[in-house]
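Visitor: Could you walk me through this one? I'd like to start with how the chains meet.
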There are 2 protein chains.
Amino acid sequence: MPMKRGQGQRAGLSREAVLDAAMTLVDREGLEALTMRRLAAQLGVEAMTIYHHVPNKAALLDGLVERLLTAAAAPLFEDASWKTALRELAHSWLAALRAHPNLMPAVLSRPAVTPATLRVMDRVMERLARAGFPHERGLAILYSVAGYATGQAVSGTADPDGPDQTGVLGAVDLAAYPTLARALRAGSARPADRFDYGLDAMLRGFEADLDSP
Amino acid sequence: MPMKRGQGQRAGLSREAVLDAAMTLVDREGLEALTMRRLAAQLGVEAMTIYHHVPNKAALLDGLVERLLTAAAAPLFEDASWKTALRELAHSWLAALRAHPNLMPAVLSRPAVTPATLRVMDRVMERLARAGFPHERGLAILYSVAGYATGQAVSGTADPDGPDQTGVLGAVDLAAYPTLARALRAGSARPADRFDYGLDAMLRGFEADLDSP
DNA sequence: CACGATAGGCTTACGTTGTAAGAGTCGTCA
DNA sequence: TGACGACTCTTACAACGTAAGCCTATCGTG
């Protein structure tokens, strides 16, 4: 419980503390619950105080996105093959997005360019070049894998129901869509397996392209 | 120029007219420009009038999303192979998202379940089953392709610069990331080519899985 | 034809949002 | 000591979504 502060008493805030509180608020109550006043209340402070640590709300969101991106860029796969490097890239990106699903709209609406992500991209390109992929092919591969992981993360959380349920589709009248219905009943496979299945298919496709002209 | 209406004179609105105006407003000025008052002004009407044709703003957004989805679900690929069916699916979904990039955050934050999309999904599943894929595999494939297209659309428009430029990456100091820099210089390939490259790789991967256990 | 119901428009008003402006208070360094 | 800068609070404003209610033309029914 935060003691009542008289005026002039500092609250001991900092940009980091503000971002921390904002992140947990978004995680707990969603993106539209992130209000300057609510965030301030969370910090035991008045709304305008926040503006001494963050220039405006857009910058606050940018800060949250950047945090997520640097978390996603963690792996540097010291001496892995190009395939495992791509696999790790996809998994860490997916994991970062899934760790803060409420933040996703914000993440997706700004470019994901930070030193950390650039460094990872460069490493991956290096592996691909060493494996024999021409440079423009490497770029296409990088975009494809990143895009694939992004798309899977999005369609995984656009579903408001539980994480491994049949989800929205369960509530639909499936009599009109027989084949889809059978697949949904048969599909006890967890989303993670689906993710790897598509990813591995793509990687095998790239490999085949590497061998033949 | 809209004539001033006295009170009691109708403006001839309708749900369709409202959605039309909302869509062009979003296309022209972005999602955050979609305000009840601004939309009303666009229609030559007061803000509250809109509520006679749409229950609230969320429903308005849902209407826009549904329009995009039915546009995306157009192709029914009468008697195509599973591969071209998947290719058409991916292309039409990508095209629909790219046609209204400002709407993307809204599209991505609600589940894409409408009769039209379900019908297309069912058709695709049918093709996959006929080709010999087990049911849960078919579902994984469907999700993978849809997710891939979504991801490509997102990373394509998170880039605020021109469509076929080097984009955000052009403004970055590339000296620190040599391999990435070379790839960007070499990569004159248009995004569409990148899209097909990754997509075809994935499809070839699925095909290989069909042949071997 | 008369008349009540309804649909579609406008006006006003309320609570909430982001944030500009400014005044007070403390710790720090000259 | 005195001045300053960093931090916090208070007050205020424009713009947002929308609830409530009024007014009028149109339409269905007698």
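Visitor: How many residues does the contact take from chain A and from chain B?
Guide: In this predicted model, the contact takes 55 residues from chain A and 54 residues from chain B, where two residues are in contact if their C-beta atoms, placed from the backbone, lie within 7 Å. Local features here need pLDDT of at least 70 and side-chain atom pairs count only at pLDDT 80 or more, while totals for chains, interfaces and linings use all residues. Residues are numbered from 1 along each chain as its sequence is written, with chains lettered from A in the order in which they are written.

Visitor: And which element gives the largest share on the side of chain A?
Guide: That is α7(A), with 16 residues; helices are DSSP runs (H or I, at least four residues), numbered from the N terminus.

Visitor: Do tell, why do the copies meet through the same surface?
Guide: They do so because 98% of the interface residues of chain A are also interface residues in chain B.

Visitor: What turn lays chain A on chain B?
Guide: A turn of 180°, with a shift of 0.0 Å along the axis, gives an RMSD of 0.1 Å, so the two copies are related as by a two-fold rotation axis. The superposition is by least squares on the C-alpha atoms of residues with pLDDT of at least 70 in both copies.

Visitor: New topic: at what angle do α4(B) and α9(B) cross?
Guide: The axes of α4 (residues 82-99) and α9 (residues 191-211) of chain B cross at roughly 145° and come within 11 Å, the axes being lines fitted to C-alpha atoms over the stretch in contact, with angles from 0 to 180 degrees between N-to-C directions.

Visitor: Which residues of α9(B) make that contact?
Guide: F195(B), L199(B) and L203(B) do, and they meet residues of α4(B) including L86(B) and A90(B).

Notes
Helices (H or I, at least four residues) and strands (E, at least two) are DSSP runs, numbered from the N terminus.
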